[in-house]
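Here are my notes on the model you asked me to look through. They are numbered so that you can follow them with the structure open.

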Amino acid sequence: MAAVPALQPSLLDLVADPSPEALAGRVERRVLGDGAWVDRCPGWLTGGELFPALVEGVAWRAERRPMYERVVDVPRLLAFYGPGERLPEPGLEAARSELDTYYRPELGEALATAGLCLYRDGRDSVAWHGDTIGRAAKEDTVVAILSLGATRRFLLRPVAGGPSLRLDLAHGDLLVMGGSCQRTWQHAVPKTARAVGPRVSVQFRARGVR
Ligand SMILES: O=C(O)CCC(=O)C(=O)O
Ligand SMILES: [Fe+2]
């Protein structure tokens with residue numbers, strides 16, 4: 001198991017186990033163009049227990065990947081829960097169940113997998129990409145991201161060129177990318193020189209989308 005950062009006591013002191021509120025009536029959609037949209041529900045899951053439980057309890061993996069002639073560390077820690085696998089915390093099961101209630105009519109299927117990322121500090125990041133491994137390369141889909149812990153910037157840009165969109169994702173915020181977003185737009189979480197604490201993001205996806 002990879003080393004995880006120490007948590008600030010203030011985050012551990014937060015109270016209440018998160019039980020997600022109904023999304024109906026709370027989600028705001030922004031149409032991006034090219035068939036893509038993003039939904040946001042700020043402060044959806046703000047209870048304090050889930051974040052430290054994930055940071056400390058998940059078997060985080062460090063990954064390495066080839067880059068030019070070298071093999072480099074992927075600058076974040078990862079975990080993945082496939083279809084039928086139990087999620088690491090009941091709060092995540094409850095979140096997924098509410099996401100399914102809200103998005104299943106539009107998506108036509110359940111969110112079957114969960115990817116977890118731990119950004120230990122501002123040096124951890126993810127470069128521009130679309131989640132285009134699998135069906136999302138050709139089909140419309142939904143990728144729902146729950147952001148926990150430190151606030152980080154989340155960028156979106158159209159593949160065809162044009163201005164990018166900057167969002168700040170704070171503790172408990174939900175961001176959902178939908179429609180053609182994974183193939184017509186790219187997203188990134190850039191590094192920051194600001195002193196930021198750890199952040200966990202949970203990406204809920206349909207089966208066969210990565
Ligand atoms: O951490 C995030 O909010 C984004 C993660 C992401 O884009 C991915 O893992 O595919
Ligand atoms: Fe992604």
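1. Two strands are said to pair if DSSP finds at least two bridges between them. By that rule strand E5 and strand E12 (residues 199–206) are partners, joined by eight bridges in the antiparallel sense. Within this pair, Tyr-119 stands opposite Arg-199 of E12. Keep in mind that the model is predicted.

2. E5 has a partner in strand E4 (residues 70–81) as well: the two run antiparallel and share five bridges. Leu-77, for example, has Leu-118 in E5 as its bridge partner.

3. Is E5 largely enclosed or not? Strand E5 covers residues 111–119, and seven of its nine residues are buried, so the rest of the structure largely encloses it. A residue counts as buried here if 20 or more other C-beta atoms lie within 10 Å of its own.

4. E12 also pairs with strand E7 (residues 143–149), again antiparallel, over seven bridges. Here Gly-149 is the residue opposite Arg-199 in E12. Arg-199 thus faces Gly-149 of this pair and Tyr-119.

5. What is the order of the strands in the sheet? Reading across, it is E1-E2-E10-E7-E12-E5-E4-E3. The sheet is open, has eight strands and pairs in the antiparallel sense. Strands E1 (28–33) and E3 (61–67) stand at the edges with a single partner strand each, so each has one side without a neighbour in the sheet. On average, neighbouring strands are turned by 25 degrees against each other, direction ignored.

6. Two helices should be viewed together with the sheet. Helix H2 (residues 50–57) packs on the sheet and touches E5, E7 and E12; the direction of H2 makes about 95 degrees with that of E7. Helix H3 (residues 90–107) lies across E5, E7 and E12, at about 125 degrees to E5.

7. Which residues surround ligand 1? They are Gly-115, Cys-117, Val-126, Asp-131, Ile-145, Phe-154, His-187, Val-189, Ser-201 and Gln-203. Five residues of this shell are nonpolar, four are polar and one is charged. At least two shell residues come from each of E5, strand E11 (185–189) and E12.

8. An unreviewed UniProt entry lists residues 110–208 as "domain: Fe2OG dioxygenase". Over residues 110–208 the chain is 53% strand and 4% helix. The C-alpha atoms at the two ends of residues 110–208 are 12 Å apart.

Conventions
Residues are numbered from 1 along each chain as its sequence is written. Chains are lettered from A and ligands numbered from 1 in the order in which they are written. This is a predicted model: local features need pLDDT of at least 70, side-chain atom pairs count only at pLDDT 80 or more; totals for chains, interfaces and linings use all residues. UniProt positions are given in the numbering used here, feature names are shortened, and annotations may be inferred rather than shown by experiment. A residue is buried if 20 or more other C-beta atoms lie within 10 Å of its own, exposed if 12 or fewer, and partly exposed in between; C-beta atoms are placed from the backbone. A residue is near a molecule or strand if its C-beta atom, placed from the backbone, lies within 6 Å of it. Ala, Val, Leu, Ile, Met, Phe, Trp, Tyr, Cys and Pro count as nonpolar, Asp, Glu, Lys and Arg as charged, and the others, Gly among them, as polar. Axes are lines fitted to C-alpha atoms, for helices over the stretch in contact, and angles run from 0 to 180 degrees between N-to-C directions. Two residues are in contact if their C-beta atoms, placed from the backbone, lie within 7 Å.
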